[in-house]
Amino acid sequence: MLALVSSTPKPLSAAVSFLGIILVGVLDFFTGFDVSLSVFYAVLVILAVWSLGRGAGTAAALLAVTVWSLADYLSGHTYATQWILLWNAVVRFSFFMLVVFGAYYSKHHLELTTARAEALEQVLPVCGCCKKIADEHGAWVDVETYLSEHLSTRASMKLCPDCARKVYIDKVSPNSVATAKP
């Protein structure tokens with residue numbers, strides 16, 4: 001879905017989002033105040049966020065609340081006091097803003113996860129001798145540095161049993177290394 005939304009031209013995404021909200025408002029007017037179409041407004045707000053950003057999502061949320069309030073008022077819905085219409089508008093706007101923030105952070109998290117997966121899937125130039133990795137600028141860095149910069153991962157220095165035998169051959173017997181628990 002991210003690829004589809006990302007590849008859609010921004011003017012088209014804006015038109016679909018904002019005109020879609022108006023069309024849902026017209027449908028909302030004809031169905032009357034008894035039928036709630038909030039989920040359809042929310043889907044169009046999410047589309048605005050994913051394709052145009054958080055600011056456009058906020059604008060779409062504001063438009064959705066305005067259109068909903070207008071459709072509710074024009075459909076003949078009467079309230080005991082006009083404050084109830086205002087209260088409902090504020091509550092719906094709060095709901096749509098939760099949708100905006102949820103969609104924005106979901107998209108952001110998905111982009112980070114995708115970037116991390118791409119970093120793991122690429123072929124890394126590793127020095128056969130010292131095991132340093134060439135980064136995207138051609139600089140040779142330690143594996144620990146590369147992991148922390150590209151994957152937000154910390155490396156913990158340990159010795160495998162084979163290396164422990166090589167380094168500490170005089171101090172450690174082979175049986176104690178093999179049976180040692182981490």
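## Ser69 and helix H4

Let's start in helix H4, which covers residues 54-74 and has Ser69 as one of its residues. The model here is a predicted one. Is Ser69 buried or exposed? With a relative accessibility of 15%, Ser69 counts as buried, since the cut-off for that label is under 20%.

If you skip residues up to four places away in sequence, Ser69 touches Leu85 and Ala89. Both of those partners turn up again in the list of buried residues of H5.

## Ser38, a second buried serine

Ser38 belongs to helix H3, residues 38-52. Its relative accessibility is 15%, so Ser38 goes down as buried. And which residues does Ser38 contact once neighbours within four places in sequence are left aside? They are Arg92 and Phe96, and these two are also among the buried residues of H5.

## Helix H5

H5 runs over residues 82-121, which makes 40 residues. At 1.5 Å a residue a helix like that should span 58 Å, and the C-alpha atoms at its ends are 58 Å apart, so the two figures agree.

Quite a list of H5 residues is buried: Leu85, Ala89, Arg92, Phe96, Met97, Val99, Val100, Ala103, Lys107 and Ala119. Note that Arg92 and Lys107 are part of that list. Two of the buried names tie back to Ser69, namely Leu85 and Ala89, while Arg92 and Phe96 tie back to Ser38.

## Helix H2 and its packing on H3

Helix H2 takes in residues 10-31. Does its length fit? The 22 residues of H2 should span 32 Å at 1.5 Å a residue, and the end C-alpha atoms sit 31 Å apart, which agrees. Just after H2 comes Gly32, with a positive phi near 85°.

Two packed helices are described by the angle between their axes and the distance between the axes. For H2 and H3, the axes come within 9 Å and cross at roughly 170°. An angle over 145 degrees counts as roughly antiparallel, and H2 and H3 are therefore roughly antiparallel to each other. By class, their contact is made of twelve nonpolar, five polar and two charged residues.

On the H2 side, the residues meeting H3 include Lys10, Ser13, Ser17, Phe18, Gly20, Ile21, Val24, Gly25 and Asp28. Across from them, H3 brings in Phe40, Tyr41, Leu44, Val45, Leu47, Ala48, Ser51 and Leu52. Which residues of H2 are buried? Ser13, Ser17, Gly20, Ile21, Val24, Gly25 and Asp28 are, and what covers them includes H3 and H4.

## A loop residue: Lys131

Between H5 and strand S1 (133-134) there is a loop, and Lys131 lies in it. Its phi is near 70°, a positive value in a residue other than glycine. Lys131 has a relative accessible area of 46%, so it is partly exposed; the exposed label would need over 50%.

## The whole chain

Stepping back, the chain holds eight helices and two strands. From the N terminus on, the order of elements is α-α-α-α-α-β-β-α-α-α.

The chain has 182 residues, of which 28% count as buried. About 12,300 Å² is exposed, and 67% of that comes from carbon and sulfur atoms. As for contacts between residues at least 6 apart in sequence, 59% join residues at least 24 apart.

Key
Residues numbered from 1 in each chain as written. Predicted model: local features only at pLDDT ≥ 70, side-chain atom pairs only at ≥ 80, totals over all residues. Heavy atoms only, no water. Helix = DSSP H or I, 4+ residues; strand = E, 2+ residues; numbered from the N terminus. Buried < 20%, exposed > 50% of the residue type's maximum accessible area, 1.4 Å probe, protein only. Contact = heavy atoms within 4.5 Å. Expected span 1.5 Å × (residues − 1). Axes fitted to C-alpha atoms, helices over the stretch in contact; angles between N-to-C directions. Parallel < 35°, antiparallel > 145°, perpendicular 65-115°, else oblique. Nonpolar A, V, L, I, M, F, W, Y, C, P; charged D, E, K, R; others polar. Areas by Shrake-Rupley, 256 points an atom, 1.4 Å probe, with all protein chains shown as cover.
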